[in-house]
Structure formats: structure tokens, C-alpha cells
Amino acid sequence: MAENDTSQEKSEEPTPKRLREAKEKGQVASSRELNTTLVLLGGGAALLLMGGGILGGLQDILRGSFSVERELIFDPGVLYEMLLLRIGEALVMLLPLFGVLLVVAVAGPLSMGGGGFSGKAIAPKLNKLNPIAGLKRIFSAQGLMEFGKTLLKFILITSVGGALLWQMSDTLLGLGHQPLERGLMHAGYIIGWTFLTLAAVLILVALIDVPFQLWSHQKQLRMTKQQVRDEFKETEGKPEVKSKIRQTQQDIARRRMMAEVPKADVVVTNPTHYAVALRYDQTGMRAPRVVAKGADLIAAEIRERARAAGVSLFAAPPLARALYYSTRLDQEIPAGLYVAVAQVLAYVYQLRTAARDGAARRPEAPTDLPVPDDLLRRTPPRED
């Protein structure tokens with residue numbers, strides 16, 4: 001498919017195949033603003049719920065770290081073990097916070113359909129080192145959007161952050177007059193609410209960025225009409241090749257069908273336009289089966305094969321048309337034709353008996369065969 005075809009306008013929506021290939025390459029819609037906002041919201045909520053406990057735990061760790069017996073200070077091995085112990089305690093204490101941040105960090109890309117890992121996405125691309133392409137990206141719609149988001153975030157964060165500092169100035173100054181444990185708990189509470197407030201402000205930026213990123217991603221994957229046609233040929237195959245394959249399959253099926261004609265008991269004809277070969281085995285079949293059928297040239301070939309094999313031909317135009325239109329190959333005849341076909345087969349068996357016994361008089365052929373009108377439809381069933 002011509003990926004670099006710039007002579008046509010990319011006016012067509014991306015096909016499922018193109019979307020799937022883009023995802024395999026790691027080319028998916030993503031919003032850094034959404035990810036940042038979710039991380040801040042999750043981190044702020046976690047700090048609000050666990051901030052006091054975390055700060056209290058850090059206080060215990062610091063108190064335990066500085067409460068060391070004098071003789072142990074001069075033993076480097078003991079100090080090293082204490083350091084590892086305190087680090088482990090701190091990591092265990094911070095593990096719930098890290099877990100929350102990990103979940104929200106993954107939730108952002110997943111919410112925009114960016115799940116999965118692609119090695120192609122992290123592979124180095126030399127074309128990104130092209131300075132001309134870099135300038136084009138800077139002055140593109142994406143670059144202008146990034147500049148606008150950065151400016152908007154600066155204005156929002158500065159305004160809201162300044163307002164928070166102004167409103168909480170007395171509270172922040174009052175932390176120094178509180179007992180250590182209570183002050184730490186209060187500080188954790190303030191930090192959590194500050195994170196939540198700033199994250200809530202960034203929701204506005206994310207609401208602008210997410211639709212833009214989805215639109216930009218869809219626009220990048222748009223295709224020209226020629227690309228759609230080329231992909232259809234690659235997926236479905238070229239029409240001429242499909243036609244050749246279909247013709248070959250029909251030839252094979254026709255040869256297989258003609259090989260069954262000599263095994264038939266009778267060939268019901270129109271007598272020139274249609275021919276249907278029937279076979280009936282009383283021990284293994286519930287009803288007669290159609291082993292071959294055709295119209296015009298195929299019907300003529302069926303008649304020739306039947307004559308060469310000594311299979312009886314029986315001219316019954318309505319019955320031939322009904323069998324042709326209402327049955328498929330290797331399928332039992334419909335119940336509505338049981339009586340008519342039974343009369344034909346009985347006549348054929350009488351002919352064989354008369355020929356074997358050398359009878360001088362031929363049996364009388366059945367006439368006025370009962371054929372329901374609803375079986376004389378004009379559209380033959382498809383052969384699977």
C-alpha cells in the first residue's frame with residue numbers, strides 16, 4: 001500500500017486493518033495532560049487518606065534512626081544494617097502510595113485505547129533527528145496546541161497556587177507552633193488537599209487535550225482512496241485472481257459431479273435445457289439424492305455421460321425444472337417430489353427388468369407427474 005502517496009487528499013477514515021497495524025507499531029492516541037491529571041488526583045487522594053500516617057511513620061523512622069546507643073555508633077556494620085532496615089521500613093510504608101500512583105498512571109493510556117506493549121514504539125527512529133522535520137512539528141497544529149496547553153497550565157497553576165498560598169498563609173505559619181506529631185499530620189492533610197485542588201484545575205486542560213489528541217490521531221491515520229483500494233486488494237485479493245480461483249473451483253466441482261453421473265439410476269431432462277441425475281439406494285438412503293444437475297451446456301454434458309454409461313434418460317420438463325430449482329448437489333429431493341420421482345424410478349426399474357428378461361413389450365412411461373407449483377421457482381439454490 002502506498003503510504004507516502006501525497007497526490008491524493010486523505011479523505012477516507014482509517015480501516016480496521018490500518019488501526020490494528022498502527023496499534024502494533026505503538027501509534028495510539030495519548031494525552032499527557034490526562035495522565036498528569038490522573039496521577040495528581042490519585043496522588044492527592046492517597047496523600048489525603050494516608051498522608052498523616054505516612055508522615056507519622058517517617059517521624060518514627062527518624063526518631064529510631066537518631067536514637068542509637070553510643071557504642072553502636074562506632075560500629076560501621078551495625079550502622080549499615082540499621083540504614084538498610086530504615087530504608088526497608090520506609091519503602092513498605094510508601095508501598096500503598098506507589099501502588100495507587102502505578103494504577104492511575106496505567107489507567108490514563110488504557111482509557112484512550114492505548115493498552116498493549118509494542119517494541120516498535122521504543123525502537124530508535126533516525127528520522128526524528130531530522131532538524132527540518134523537527135521544525136515542522138514545532139510549527140504544526142500539534143506544536144501550537146502544546147504551546148497553548150503549557151501557557152494555560154502556567155496561568156492556571158500560578159493563579160490557583162497563589163490563591164491557595166494567600167488563603168492558607170496563616171495556617172502554614174501556624175504549623176510551626178504545633179506539636180511535632182500534630183503538625184506533621186496537619187501538614188499531610190494540607191499537602192493532600194493542595195494536590196487535589198491543583199489536579200482539579202488541570203481537569204480543564206485535560207478536557208481540552210483529550211478530544212484534540214483523539215482527533216489528531218484519527219487525522220494522522222486517514223487514508224487516500226487509492227490506499228483504501230490497495231488495502232482491499234491486499235486483504236480480499238485482486239478481482240482477476242479471485243475470479244480465476246473461483247473458475248478453477250467450479251471446474252473441479254464440475255469434474256467431480258460428472259464422475260457421479262455413471263452411478264445414477266436415472267437422468268430427468270427438460271429435455272434440452274435442464275438435466276438432473278438421481279440415485280437411490282434402498283439400503284442406505286432415506287430418499288433419492290441429486291448426484292448431478294445442470295442447465296444448457298452442462299445439461300448436455302450430463303446427458304452424454306449418461307448415455308455413454310447406459311443410464312436411463314427420462315424426459316419430464318416440469319419435474320426436471322422442479323428438481324433443478326429446489327435441490328442442491330448430494331441433497332435428498334424434497335418431500336413434495338417423492339411421488340413423482342418414485343413413479344419415474346419404478347418405470348426405470350421396469351425397463352431394466354424387461355431388458356434383462358428380453359420382454360418384447362416395453363412398460364408404459366408415467367405421465368402427468370404430480371409436481372407442486374411452489375417448487376417451480378426461478379432461482380436455483382446456491383451451491384456451498
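Asp296 sits in the loop between β3 and α12. In this predicted model, Asp296 has a positive phi of about 55° although it is not a glycine. With a relative accessibility of 46%, Asp296 counts as partly exposed. The elements on either side of this loop belong to one arrangement: α12 packs on the sheet and touches β1, β2, β3 and β4.

**Loop residues**

- A second positive phi in a residue other than glycine is found at Asp330, where the value is near 60°.
- Asp330 lies in the loop between α13 (317–326) and α14 (338–357), and its relative accessibility of 54% makes it exposed.
- Asp265 belongs to the loop between α11 (239–260) and β1; at 10% relative accessibility, Asp265 counts as buried.
- A polar atom of the Asp265 side chain lies 2.6 Å from the backbone nitrogen of Tyr280.
- Beyond its neighbours within four places in sequence, Asp265 is in contact with residues including Leu278, Arg279, Tyr280, Val311 and Ser312. Its contacts also include Leu345, Val348, Tyr349 and Arg352.

**Sheet**

- Four strands form an open sheet in the order β3-β2-β1-β4, and the pairing is mixed.
- The edge strands are β3 (289–295) and β4 (312–315); each has a single partner strand, so one side of each has no neighbour in the sheet.
- From one strand to the next, the twist averages 20°.
- Strands β1 (residues 266–269) and β2 (residues 274–279) run antiparallel and are joined by four bridges. Val268 stands opposite Val276 in β2.
- Helix α12 spans residues 297–309, and its direction makes about 130° with that of β3.

**Ala275, between sheet and helix α12**

- Ala275 is found in strand β2. The cut-off for buried is under 20% relative accessible area; Ala275 has 0% and is therefore buried.
- Outside its neighbours within four places in sequence, Ala275 contacts Val267, Val268, Thr269, Ala292, Lys293, Gly294, Ala299, Ile302 and Arg303.
- Ala275 and Arg303 are 28 residues apart in sequence, while their C-alpha atoms are 7.1 Å apart in space.

**Nonpolar cores**

- The largest nonpolar core has 26 residues, and those with the most contacts inside it are Leu278, Leu319, Leu323, Leu337 and Val341.
- Two or more residues of this core come from each of β1, β2, α13 and α14. Helix α14 gives the largest share, seven residues.
- Leaving aside neighbours within four places in sequence, Leu278 is in contact with Ala264, Asp265, Val266, Val268, Arg289, Val290, Val291, Leu323, Ile333 and Val341.
- Another core, of 13 residues, lies apart from the largest one; among its members are Met258, Val261, Val291 and Val311.

**Helix α1**

- Lys17, Arg18 and Ala22 are buried in helix α1 (residues 16–24).
- These residues are on the same side of α1, because they cover an arc of only 135° around the axis.
- In general, an α-helix has 3.6 residues a turn, so residues three or four places apart point the same way.

Methods. Residues numbered from 1 in each chain as written. Predicted model: local features only at pLDDT ≥ 70, side-chain atom pairs only at ≥ 80, totals over all residues. Heavy atoms only, no water. Pairing = 2+ DSSP bridges. Axes fitted to C-alpha atoms, helices over the stretch in contact; angles between N-to-C directions. Contact = heavy atoms within 4.5 Å. Buried < 20%, exposed > 50% of the residue type's maximum accessible area, 1.4 Å probe, protein only. Arc of directions from axis to C-beta. Polar contact = N/O pair within 3.5 Å; in protein donor to acceptor, adjacent residues only side chain to side chain. Core = buried A, V, L, I, M, F, W, Y, C linked by side-chain atoms within 4.5 Å.
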